[in-house]
Amino acid sequence: KFEVLAKDIDTKEKIIEATGNVVVFSPTYYLSADKILYSKENESFELFGNVLVLKDNTIQTQSDYAYVNLNDDSYNQKPVLLMDKSSNINKFMYPN
């Protein structure tokens, strides 16, 4: 389960579109972005613009785009700034 807060939220069949200072809370994730699309069918989020992902309150990433799948707990971002509290790692990655 999760909670979505945003300036505008629109539901079209199996897609929820949230825009404007979007924040998503779940037991595992804190997500924020300018725009987030949620697929009810895939139980996944696509985040666009000023993306912040905080997972398990230890791993924090910032990027322009992210994909988060709640089913298999996977995510993908680009480019990404990674900060991991437990290992004290800060890393910037820009995929090809």
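What share of the contacts in the chain with a separation of 6 or more comes from residues 24 or more positions apart? The figure is 22%, where a contact means heavy atoms within 4.5 Å. Keep that in mind as you click around.

Before you start: this is a predicted model, in which local features need pLDDT of at least 70 and side-chain atom pairs count only at pLDDT 80 or more, while totals for chains, interfaces and linings use all residues. Residues are numbered from 1 along each chain as its sequence is written, and side-chain values use heavy atoms, with hydrogens and water left out.

**Stop 1: the whole chain**

Switch to cartoon view. You should find eight strands and zero helices, so reading from the N terminus gives β-β-β-β-β-β-β-β (helices are DSSP runs of H or I with at least four residues, strands are runs of E with at least two, numbered from the N terminus). Now turn on the surface. About 6,100 Å² is exposed, and carbon and sulfur atoms supply 48% of that (areas by the Shrake-Rupley method with a 1.4 Å probe; for residues, only the protein chains shown count as cover). Of the 96 residues, 29% count as buried. Buried here means under 20% relative accessible area, exposed means over 50%, and partly exposed is in between, with a 1.4 Å probe and protein chains only.

**Stop 2: the core**

Select L31, I36, F45 and L47. Within the largest nonpolar core, which has 15 residues, these four touch the most other members. A nonpolar core is a set of buried Ala, Val, Leu, Ile, Met, Phe, Trp, Tyr and Cys residues joined through side-chain atoms within 4.5 Å. Colour β3 (15-25), β4 (29-39), β5 (44-55) and β6 (59-69), since each of them supplies at least two residues of this core. The largest share, five residues, comes from β4.

Now centre on F45. At 1% relative accessibility, F45 counts as buried. Show whatever surrounds it: setting aside neighbours within four places in sequence, F45 is in contact with F2, V24, L31, I36, L37, Y38, A66, Y67, V68 and L70.

**Stop 3: the rings**

Show all Phe, Tyr and Trp side chains. How many aromatic pairs does the structure hold? There are six. Rings of Phe, Tyr and Trp (its six-membered ring) pair if their centres lie within 6.5 Å; planes under 30 degrees apart count as stacked, over 60 as edge-to-face and the rest as tilted.

Pick Y29 and Y75 to begin with. Their pair is edge-to-face, at 6.3 Å centre to centre and 85° between the planes. It links distant parts of the chain: Y29 sits in strand β4 and Y75 in strand β7 (residues 74-84), 46 residues apart. Is each partner buried or exposed? Y29 is buried at 4% relative accessibility, whereas Y75 is partly exposed, with a relative accessible area of 29%.

Then go to Y38 and F45, a tilted pair with 4.7 Å between centres and 45° between planes. Y38 counts as buried too, at 9% relative accessibility. Add F2 to the selection: ring pairs link F2, Y38 and F45 into a cluster.

For a ring with a charge, select K35 and F48. The charged end of K35 sits over the ring of F48, 5.7 Å from its centre (the criterion is NZ of Lys or CZ of Arg within 6 Å of the ring centre and within 35 degrees of the ring normal).

**Stop 4: a buried glutamine**

Select Q77, in strand β7. With 9% relative accessibility, Q77 counts as buried. Its side chain has a polar contact of 2.5 Å with the side chain of T61, and another, at 2.9 Å, with that of S63. A polar contact is a pair of N or O atoms within 3.5 Å; within protein, one must be able to donate a hydrogen and the other to accept it, and residues adjacent in sequence count only if both atoms are side-chain atoms.

**Stop 5: two positive phi values**

Finish with the backbone. N21 lies in strand β3 and is exposed at 55% relative accessibility. Although N21 is not a glycine, its phi is positive, about 50°. Leaving out neighbours within four places in sequence, N21 is in contact with L5, A6, K7, A33 and D34. N21 and D34 are 13 residues apart in sequence, and their C-alpha atoms are 5.3 Å apart.

Last, select E13, in the loop between β2 (8-12) and β3. E13 is exposed, with a relative accessible area of 76%, and its phi is near 50°, a positive value in a residue other than glycine.
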